[in-house]
Amino acid sequence: MNASLAAEFDAPLVNATRFRQAHSADWERLEELVTRLEKRSIRRLSDDDLLELPALYRTTLSSLSVARDTSLDRSLITYLEQLSTRAYFQIYGVQTPAARQIGRFFARSWPESVRAIWRETLFCVLLTAGAAFVSYFLIRADPSWFYAMIPQGLAGGRDPSASAEFLRSTLYEGEKDWLGVFATFLFTHNSQIAIFSFALGFAFAVPTVLLIIYNGMMLGAFVAVFAAKGLGLNVAAWLMIHGTTEIFAICISGAAGIRIGMAIAFPGRLSRMDAVVAAGRTAAIAMAGTVIMLAVAGLLEGVGRQTITNDGLRALIGSAALAGWLVYFYAWRPRSAADGN
């Protein structure tokens with residue numbers, strides 16, 4: 001604290017008007033420099049401005065300390081707090097360009113967050129596969145189970161009563177408008193499953209687990225309908241071109257929700273709030289990336305529906321997409337991330 005401020009602090013009572021008059025010039029000068037930094041860049045400040053900035057910041061902090069300790073008017077304290085905060089971020093904050101932040105998200109933040117929840121992701125994958133197998137065998141044994149698992153709007157006529165010709169047409173006749181409508185509906189449905197799987201993790205992850213099971217059972221139900229008409233491999237190829245990415249995204253979303261739910265239920269040595277904050281940071285980054293995965297899945301589905309009718313090529317594209325995601329998340333390491341730079 002400088003001498004003049006210390007003298008004012010020692011006085012029995014600090015007069016707010018005289019205090020403003022004595023120091024407002026320094027505050028206004030600091031506000032001017034901070035505003036110029038916020039609107040432009042540090043290169044627009046002269047050397048004298050850069051040297052003046054830290055001194056003005058310290059003076060403003062001293063003024064704030066006096067204002068708080070002597071109970072000056074609340075509006076002045078609020079003004080000084082806001083000005084000090086703005087100055088702090090301009091002096092000490094790291095100014096990272098948006099392009100670099102985006103690059104860091106894809107190179108480090110997103111894959112690191114997905115790797116951090118690999119156990120939960122594996123659990124969701126196994127849960128999806130298990131539910132799909134149970135649903136498949138239930139419907140092959142008794143087709144009436146299909147109507148208990150699949151909403152009529154989502155089925156779009158693909159049910160046990162459909163003919164083999166109709167089911168085949170839904171896989172290969174991409175020019176039909178209703179197929180595009182169904183594809184959009186399916187994409188929207190899976191996006192909702194992904195979002196709810198994450199959001200409902202706060203309820204101790206129980207709804208998330210149920211949603212993952214339900215999604216797996218729906219998958220198995222569709223395959224069972226086509227397999228009953230000799231089209232099992234065909235529908236598998238149709239699903240693979242976009243489903244490998246889409247289902248993987250749902251599993252990551254579910255894993256993110258489960259991570260939060262487990263932090264709430266079992267915080268360990270941390271307080272429950274600290275555990276949730278730590279889990280939420282990782283889960284939110286992982287979840288943010290699944291939006292990109294779902295967009296990629298939608299693109300692959302559109303390409304596969306409209307231009308690719310060869311089952312082998314569809315399966316190859318789907319397998320390549322899945323392999324690419326696995327390498328990106330679990331095998332690839334950028335040099336800077338490995339070196340800790």
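Start with the whole surface switched on: the accessible area of the protein comes to about 17900 Å², and carbon and sulfur atoms hold 63% of it. Keep in mind that you're looking at a predicted model.

Now swap to cartoon. You'll find 15 helices and zero strands. The chain has 341 residues, and 42% of them count as buried. Try a contact display too: among contacts with a separation of 6 or more, 75% are between residues 24 or more positions apart.

**Stop one: a patch on the outside**

Select Trp 118, Leu 122, Val 125 and Leu 126. These residues make up a nonpolar patch on the surface, and together they have about 370 Å² of accessible area. Next, pick out Leu 122 and colour its helix, H6, which covers residues 118–141. Is Leu 122 buried or exposed? Neither label fits: Leu 122 counts as partly exposed because its relative accessible area is 43%, which falls between the 20% and 50% cut-offs.

**Stop two: a residue on the inside**

Jump to helix H11, residues 206–227, and select Phe 226 there. Phe 226 counts as buried because its relative accessible area is just 2%, and the cut-off for buried is under 20%.

What does Phe 226 touch, leaving out residues up to four places away in sequence? Show side chains for Arg 158, Leu 167, Thr 170, Leu 171, Leu 231, Gly 232 and Val 235, and you have its contacts.

Last, draw a distance from the C-alpha of Phe 226 to the C-alpha of Ser 163: they sit 9.6 Å apart in space, with their positions 63 residues apart in sequence numbering.

Terms used:
Residues numbered from 1 in each chain as written. Predicted model: local features only at pLDDT ≥ 70, side-chain atom pairs only at ≥ 80, totals over all residues. Heavy atoms only, no water. Patch = residues over 30% accessible without salt bridge, like charges linked within 9 Å, V, L, I, M, F, W, Y side chains within 5 Å. Areas by Shrake-Rupley, 256 points an atom, 1.4 Å probe, with all protein chains shown as cover. Salt bridge = Lys/Arg side-chain N within 4 Å of Asp/Glu carboxyl O. Helix = DSSP H or I, 4+ residues; strand = E, 2+ residues; numbered from the N terminus. Buried < 20%, exposed > 50% of the residue type's maximum accessible area, 1.4 Å probe, protein only. Contact = heavy atoms within 4.5 Å.
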